[in-house]
Structures are given as structure tokens and as C-alpha cells.
Amino acid sequence: ELKRFVSDYETAHPNESKIKSVKQTKDKVAIIGAGPGGLSAAYYLARMGYKPTIYEKGDKTGGVVRYGVPQYRLSDEALDHDVNFIKSMGVEIILNKEFGANFTLEDIKKQGFKAVFIAVGLYVPKTLRLEGEDLPNVHVAIDFLLDRKYGCAEDPEEFKGKTFGIIGGGAVAVDVGETAVRLGATKADFVDILTEEALKNVLKDLHEAEREVMEYHFTTSTKNITQEPNGKLALNCYKIEWGEPDPETGRRPLN
Ligand SMILES: Cc1cc2nc3c(=O)[nH]c(=O)nc-3n(C[C@H](O)[C@H](O)[C@H](O)COP(=O)(O)OP(=O)(O)OC[C@H]3O[C@@H](n4cnc5c(N)ncnc54)[C@H](O)[C@@H]3O)c2cc1C
């Protein structure tokens, strides 16, 4: 909410920033990737007087924030507004240039860049390696969101009448649940090993209407995913008992 307020305010009040561009008298720096990491590095380098150039393999800036974070959380307009501001600080952005495929470190050196910052993100999803993860209709959050951010208009009722089981109950899980509900799902069940207290910062952002269709199952772990004869998927879960915190590894489940 706070982040959205700030970005909405910024977009609605352009040209009010007191931050002005700095004369760029220092070295050229190449930055690979125009996600938040590359954009932030470029912005701060420009403010320090360096000449940053970002090379982005895609045709848009923003990285996962543009392609993964749902529109209702952060609009394209707010993101474009930020990127334009960063450009106005003296940052050059070159799109559709993939490091490795289109140019190399040698090419960068030949162009007179004195340093390179690689900010290509981490697109390989981490899974729990549960039995059943490879069943049809089992998704990994990031791929699910990337596929639907712009594709949702193609089938606004993709999950009409369906119930969603979601392993995990953090902010990204909520984005998945909200996306599924917007695409017609009637219910999302979140299974999380943590307690309600530990998840309170996530839960406080859920509106009352959302809580009615998004049910949390706290201190619950998933053993495996199975498919019933009627095709429905089942998350087979058990309740966790938390022991006293382990001095080396932190919290410790007893079962
Ligand atoms: C659903 C969701 C919600 C999130 N919500 C929040 C939040 O509320 N707050 C928060 O702080 N974080 C949030 N995050 C995390 C945040 O999106 C990431 O931490 C952030 O995007 C990482 O930025 P990055 O620049 O390191 O990488 P990325 O965003 O992955 O950007 C990397 C960029 O590098 C480009 N690239 C890759 N390879 C090459 C190459 N060879 N040559 C040129 N370019 C290349 C990619 O195209 C991409 O544009 C969320 C993430 C998700 C998935």
C-alpha cells in the first residue's frame, strides 16, 4: 500500500522532484540487465557523475517487476515514470541487446567502458522437490505469474469455478492467489509451515473480501501432491509442531 501510494503520487505529480542530473565527468560503466538491480545501479552511478549504459536483452525495462509483479500491484505507467526519471539523470538504456548472444566482455572493453555491473536476475525457480511436482496443472509461482501478467486478457475466466492449492503464504503466494481469483477461481487455500503470528505482515495487507476466498492453513507442511481418479489434484499435508529454536539453524520442526 505504502509503495503504491508513493508511486501513484509520483506519477500524478511529475516534474516536482528536487533531484537534478549531475554533470557526467567520470568513466563509462556498462550495466547488463534493466531490472531493479541494473536500474538502481545506473541511477546511483549517474548521480555520482559516471556515464552508465544499460544493455537489456528484452524489449522493455523493469525485469521481473514488469513481467512478474501483477499490474494491480504496480502499473506499467508507474514503472515507466520511474524509468524515464532514471533516464533523465543521464542513463542510456539499450534494449534488445543480450550479453553473451549479441556482445561480449571484450566488446564492452573495446567501447571504452571502465567497469561492468552484471544484474541479470535469477530466473531459475527453486522448488521443494516434492513428489507430484511434475503433474499437469502444478505450477511454479514465477512462471505462473510471468505467463499470466499479459496473457490474462486472453482468457479472463481461465480458472472459473476452480479451487487453488498454494504452497507457501508469503507475498508472492498472495500475488498468485489474487491472480487466480481475478481469473475466476472461487477459492485459494494457502498451506504454510509458519504460524499466523509469523505471517502477520502478509495477512494485514489482505482485504476482508479476499480473506473470505483465501484460506490460510498455518503450521502445515506438504508431504506430496497426488492426482485423484477424477483428475483433481490433492495437496497431502500434515500439521507441524515447532520445537525450541535451534541455536545454530534457528527454528526447528519436531515432525
Ligand atoms: C510476484 C513477485 C512480487 C514481488 N514483489 C516485490 C515487492 O513487493 N518488493 C520487492 O522489493 N521485491 C519484490 N519482488 C522481487 C523483485 O521483483 C526482484 O527482487 C527484482 O526484480 C530483482 O531485480 P534484478 O534486477 O536483480 O533482476 P530481474 O528483475 O530479474 O531483472 C534482470 C534483467 O536482466 C535482463 N537480462 C537477463 N539476462 C540478460 C543478458 N544476458 N543480457 C542482457 N540482459 C539480460 C532480464 O531481461 C531482466 O530485465 C517480487 C517478485 C515477484 C516474482
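**Thr222**

I looked up Thr222 first in this predicted model. At 9% relative accessibility I log Thr222 as buried, because the cut-off for that label is under 20% relative accessible area. I find Thr222 in strand E8, which covers residues 220–227. Setting aside neighbours within four places in sequence, I list the contacts of Thr222 as Leu130, Ile167, Val191, Leu235, Asn236, Cys237 and Tyr238.

**Thr219**

I then stepped back to the loop between strand E7 (214–217) and E8, where Thr219 is found. I noted its phi near 40°, a positive value in a residue other than glycine. Is Thr219 buried or exposed? I read 17% relative accessibility for Thr219, so it goes down as buried.

**Arg129**

I checked another positive phi in a residue other than glycine, that of Arg129, and read a value near 55°. I place Arg129 in the loop that runs between strand E4 (113–118) and helix H6 (141–149). The relative accessible area of Arg129 is 78%. I therefore enter Arg129 as exposed, since that label asks for over 50%.

**Tyr43**

I moved to helix H2, the place of Tyr43. Its relative accessible area is 10%, so I enter Tyr43 as buried. Which residues touch Tyr43, once neighbours within four places in sequence are left aside? I list Ile19, Phe85, Ile86, Met89 and Val91. I also took a C-alpha to C-alpha distance from Tyr43 to Glu244 and got 45 Å. The two residues are 201 residues apart in sequence.

**Second largest pocket**

I looked up the second largest pocket and noted a volume of about 440 Å³. Its lining has 23 residues. Which of them lie nearest the centre of the pocket? I wrote down Gly33, Glu56, Lys57, Val120 and Tyr123. I sorted the lining by residue class and got 11 nonpolar, 7 polar and 5 charged. I then looked for helices in the lining: helix H2 (36–47) supplies at least two residues, and helix H3 (64–67) likewise supplies at least two. Helix H2 is thus on two of my pages, as a contributor to this lining and as the place of Tyr43.

**Domains**

I took the domain assignment next, which gives domain 1 as 2–118 and domain 2 as 141–239. How many residues does each domain bring to the contact? I noted 12 residues from domain 1 and 11 residues from domain 2. The C-alpha centres of domain 1 and domain 2 lie 33 Å apart.

**Whole chain**

I closed with the totals for the chain. I count 9 helices and 9 strands in its secondary structure. The C-alpha atoms fill a box of roughly 65 × 40 × 40 Å, taken along the principal axes. The chain has 255 residues, and buried residues make up 33% of them; Thr222, Tyr43 and Thr219 are among the buried ones. For the accessible surface I noted about 15,900 Å², with 54% belonging to carbon and sulfur atoms. I also looked at how far apart in sequence the contacts reach. Among contacts with a separation of 6 or more, 62% come from residues 24 or more positions apart.

Definitions and conventions:
Residues numbered from 1 in each chain as written. Predicted model: local features only at pLDDT ≥ 70, side-chain atom pairs only at ≥ 80, totals over all residues. Heavy atoms only, no water. 1 Å grid on protein atoms, 1.4 Å probe; cavity = no way out; pocket = protein on both sides within 12 Å on 5 of 7 lines; lining within 4 Å. Points joined across faces, edges and corners; volume = space filled by probe spheres on them. Helix = DSSP H or I, 4+ residues; strand = E, 2+ residues; numbered from the N terminus. Nonpolar A, V, L, I, M, F, W, Y, C, P; charged D, E, K, R; others polar. Buried < 20%, exposed > 50% of the residue type's maximum accessible area, 1.4 Å probe, protein only. Contact = heavy atoms within 4.5 Å. Areas by Shrake-Rupley, 256 points an atom, 1.4 Å probe, with all protein chains shown as cover. Domains from an automatic or database assignment.
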